[in-house]
Amino acid sequence: MKKYIFLVLIAVTFTMNTFAQSGSGSTPMVIESQMLLPKRGMEDKFEAAVLAHNKKYHPDGPYVAGLRKIEYGPKAGWYAWVFGPTTYGALDTRPTKENGHDQDWNTNVDPLVQEYGGTGLWNYNSDLSYGWDIFKKSRHYEIWGIDLKPRQYYRFKTLCEKLRKVYETLGTTAFIVLENNLHYSDGPNFSLIWSFNTYDGWQKDPGPKATYEKLYGEGTWQAAMDEWMDMIKSYDTEIRSNVTEK
């Protein structure tokens, strides 16, 4: 199961300068995440209103957006409205009052919101990630928000490059690396995401140890786990679902 097999996949401390770019030689891509808590008993109406808003104003392209429900974890019951991945330029030109965008949200979505939470900016690291198309089609995903010991980026980068190759070889699970572009007290440096479609499959997933050792040699998985455990400071785990039309 990824939950314990990857207990050590939390190995980095990023400085702001370190993760200013989301992939060498590529245009930096950013994801904005807005936390939303719907009013009690209004979850279905809230989901329908947000999906209708996204379909009208954020269906695809540079302004694409999605809705994720937090099923398990400290913020279970909350939702994340996710804008992107997109360019930083799209943050400047995103729809506001044009064509009734803000009015639609204020009229149809806002009355169903109990509380607005924090808004984050996350760099999508395309060099270290694999399977965004797989992720978009998945029903669920496990996300780890990670806070790590100082000066560990060089180790993290090397090991995540290996993991990316492992998941690319397997070809069935998305492995996404998001880098926090904002600093705040006790906040995570980055997030790691793994996709899955059923909880039964998630529970039975043996992880990529066999493929890792096939690529890098017998005993390398334990060595990697030991190294990552040496880097970890703390982390939080959530399970989220991609909200789609029912």
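## The largest pocket

Sorted by class, the residues lining the largest pocket comprise 17 nonpolar, 11 polar and 7 charged ones. This is a predicted model, so please read what follows as a description of that model. The largest pocket encloses a volume of about 780 Å³. Its lining is made up of 35 residues, and those closest to the centre are Trp-122, Tyr-184, Pro-188, Ser-191 and Arg-240.

Which elements each supply at least two residues of this lining? They are the strands β1 (29–38), β4 (113–124), β5, β7 (190–196) and β8, together with helix α5.

## The second largest pocket

The second largest pocket holds about 470 Å³ of space. It is lined by 18 residues, with Val-64, Ala-65, Gly-66, Leu-67 and Arg-68 closest to its centre. Two or more lining residues come from each of α2 (43–57), β2 (65–72), β3 (79–87), α5 and β8. Of the contributors, β2 gives the most, with 4 residues.

By class, this second lining has 8 nonpolar, 6 polar and 4 charged residues. If you are comparing the two sites, note that α5 and β8 appear among the contributors to the largest pocket and also among those to the second largest pocket.

## Salt bridges around α5, β5 and β8

Let's turn to the charged pairs. Side chains of opposite charge can pair when their charged atoms come close. In total, the structure contains 9 salt bridges.

One of them links Asp-133 to Lys-136, where the closest N and O atoms are 3.6 Å apart. Both residues belong to helix α5 (residues 132–137) and are 3 residues apart, which means that about one helical turn separates them. Are these two partners buried or exposed? Asp-133 is exposed, at a relative accessible area of 51%, and Lys-136 is exposed too, at 53%. Since exposed means over 50%, Asp-133 with its 51% falls on the exposed side of that cut-off.

A second pair joins Lys-233 with Asp-147, at 3.9 Å from N to O. Lys-233 sits in strand β8 (residues 232–243) and Asp-147 in strand β5 (residues 140–148), so this salt bridge ties together parts that are 86 residues apart in sequence. The surroundings of the two ends can be told apart: Lys-233 is exposed, with 59% relative accessibility, whereas Asp-147 is buried, with a relative accessible area of 15%.

## A buried pair and a network

Glu-238 and Arg-240 also meet through their side chains in a salt bridge, at 2.9 Å from N to O. Glu-238 is buried, with 12% relative accessible area, and Arg-240 is buried as well, with 10%. Elsewhere, Arg-155, Glu-227 and Asp-230 are joined into one network by salt bridges that share partners.

Arg-240 connects two parts of this report. Besides its salt bridge with Glu-238, Arg-240 is among the residues closest to the centre of the largest pocket.

## The protein as a whole

How many helices and strands does the protein have? Its secondary structure comes to 9 helices and 8 strands. The protein has 246 residues, and buried ones make up 48% of them.

Contacts reach across the sequence: among those between residues at least 6 apart, 82% join residues at least 24 apart. As for the surface, the protein exposes about 12,400 Å², with 51% of that supplied by carbon and sulfur atoms.

Definitions and conventions
Residues are numbered from 1 along each chain as its sequence is written. This is a predicted model: local features need pLDDT of at least 70, side-chain atom pairs count only at pLDDT 80 or more; totals for chains, interfaces and linings use all residues. Side-chain values use heavy atoms; hydrogens and water are left out. A salt bridge is a side-chain nitrogen of Lys or Arg within 4 Å of a carboxyl oxygen of Asp or Glu. Buried means under 20% relative accessible area, exposed over 50%, partly exposed in between (1.4 Å probe, protein chains only). On a 1 Å grid over the protein atoms alone, a cavity is a set of points where a 1.4 Å probe fits but cannot get out, and a pocket is an open set with protein on both sides within 12 Å along at least five of seven lines; lining residues have an atom within 4 Å of a point. Grid points are joined across faces, edges and corners, and a volume is the space filled by probe spheres set on the points. Ala, Val, Leu, Ile, Met, Phe, Trp, Tyr, Cys and Pro count as nonpolar, Asp, Glu, Lys and Arg as charged, and the others, Gly among them, as polar. Contact means heavy atoms within 4.5 Å. Accessible areas come from the Shrake-Rupley method with a 1.4 Å probe; for residues, only the protein chains shown count as cover.
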